[in-house]
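User: Please take a close look at one helix of this model and explain its form and its neighbours in terms suited to a first-year student.

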Amino acid sequence: VCSSDLGGKKVIDNNEVPSITSDGPQMRIKVKDKCLELGRQSEDMKKHVDEEVLVPLIIGVASEVLNDFKEQLGKALSGDCGDNAVCVDDKESVQKILKENQNWQRWFTVAKVKGAVRMKAKTKKYSKDKSWPGSEYLGDCLRAMIVCRGGKESGDTIYQTWVQLKKAFGIREDNGRLKNNFATAGILDGNKHQKPPDMLINIILNVEGCMPMPAEIQVHHEEILELKES
């Protein structure tokens with residue numbers, strides 16, 4: 001779909017870009033019970049399996065499919081109007097790369113797999129607040145960022161990005177999540193304003209021969225991102 005066919009106002013329309021929430025596990029790890037059965041299934045054993053067995057397993061699988069994630073994301077952002085997104089492997093080189101692609105509308109980068117220390121900290125919290133194993137609630141084992149160019153068509157570009165990601169990864173209730181902060185930015189929530197405008201999307205990456213892997217994709221407006229990072 002070409003940008004000129006889309007309305008930027010749809011980005012802030014909850015009917016067009018509805019929030020998609022999910023409190024359940026983001027993945028299912030089939031071997032978890034088998035691992036637990038190797039011990040007495042005590043609380044200590046559950047903690048050890050969750051943090052010392054399943055987290056490294058997730059990191060291993062995430063590393064295995066990292067390039068598949070980058071490839072699928074690039075394909076998802078391929079447009080029919082010559083507006084394919086520019087892939088940036090090293091964020092330090094982004095300005096140089098964009099100068100070489102002066103007609104760019106979007107660029108994206110895929111981060112390294114989240115480290116074990118941060119995964120274990122989240123796993124511990126999820127196991128306490130939700131259920132065992134907490135590692136199944138990790139939603140950002142893989143991470144990517146998409147930056148949409150500023151200007152009068154920026155709203156169209158952001159909306160087009162959402163439509164393409166939704167279609168490519170089958171985002172829907174029980175298969176992904178969406179927090180559309182473009183629709184809520186500046187609105188008071190109690191005594192605090194909502195987060196600055198962006199989109200936080202969780203998808204489920206399916207790669208043949210590997211277990212489904214959750215990934216987080218952040219969608220940013222170029223000029224807003226610059227302000228946030230300044």
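Analyst: The expected span of a helix is 1.5 Å times one less than its number of residues. The model shown here is predicted, and the helix chosen for this account is α2, which covers residues 43-76.

With its 34 residues, α2 would span 50 Å if it were straight, yet its end C-alpha atoms are only 42 Å apart. Where does α2 bend? The bend lies at Val65 and amounts to about 45 degrees.

The approach to α2 along the chain also deserves attention. Gln41 is located in the loop between α1 (32-37) and α2. Most residues other than glycine have a negative phi. Gln41 is not a glycine, but its phi is positive, at about 60 degrees.

Two helices that meet α2 may now be considered in turn. The first to be described is α4, residues 116-129, whose axis comes within 10 Å of the axis of α2 and crosses it at roughly 125 degrees. The two helices are therefore oblique to each other, and the crossing is right-handed. On the α2 side, the residues in contact are Asp50, Glu51, Glu52, Val55, Ile58 and Ile59. They meet Ala116, Met119, Lys120, Thr123, Lys124 and Ser127 of α4. Sorted by class, this contact comprises 5 nonpolar, 2 polar and 5 charged residues. The spacing of such residues along a helix follows a general rule: an α-helix has 3.6 residues a turn, so residues three or four places apart point the same way.

The other partner is α5, residues 154-169, which packs against α2 at an angle of about 125 degrees, with the axes 9 Å apart. That angle makes α2 oblique to α5, and here too α2 passes its partner in a right-handed crossing. Gln72, Leu73 and Ala76 of α2 meet Gln164, Leu165, Ala168 and Phe169 of α5. By class, this contact has 5 nonpolar and 2 polar residues, and no charged residues. Charged residues are thus absent from the contact with α5, whereas the contact with α4 has 5 of them.

One further feature concerns the chain beyond α4. Pro133 is placed in the loop between α4 and β3 (142-148). Most peptide bonds are trans. The bond from Trp132 to Pro133, however, is cis, and its omega is near -5 degrees.

In summary, α2 is a helix with a bend at Val65, and it is oblique both to α4 and to α5.

Definitions and conventions: Residues are numbered from 1 along each chain as its sequence is written. This is a predicted model: local features need pLDDT of at least 70, side-chain atom pairs count only at pLDDT 80 or more; totals for chains, interfaces and linings use all residues. Side-chain values use heavy atoms; hydrogens and water are left out. Helices (H or I, at least four residues) and strands (E, at least two) are DSSP runs, numbered from the N terminus. The bend at a residue is the angle between axes fitted to the seven residues ending there and the seven starting there. Axes are lines fitted to C-alpha atoms, for helices over the stretch in contact, and angles run from 0 to 180 degrees between N-to-C directions. Angles under 35 degrees count as roughly parallel, over 145 as roughly antiparallel, 65 to 115 as roughly perpendicular and the rest as oblique. A crossing is left-handed if the near helix is turned anticlockwise from the far one by less than a right angle, and right-handed if clockwise. Contact means heavy atoms within 4.5 Å. Ala, Val, Leu, Ile, Met, Phe, Trp, Tyr, Cys and Pro count as nonpolar, Asp, Glu, Lys and Arg as charged, and the others, Gly among them, as polar.
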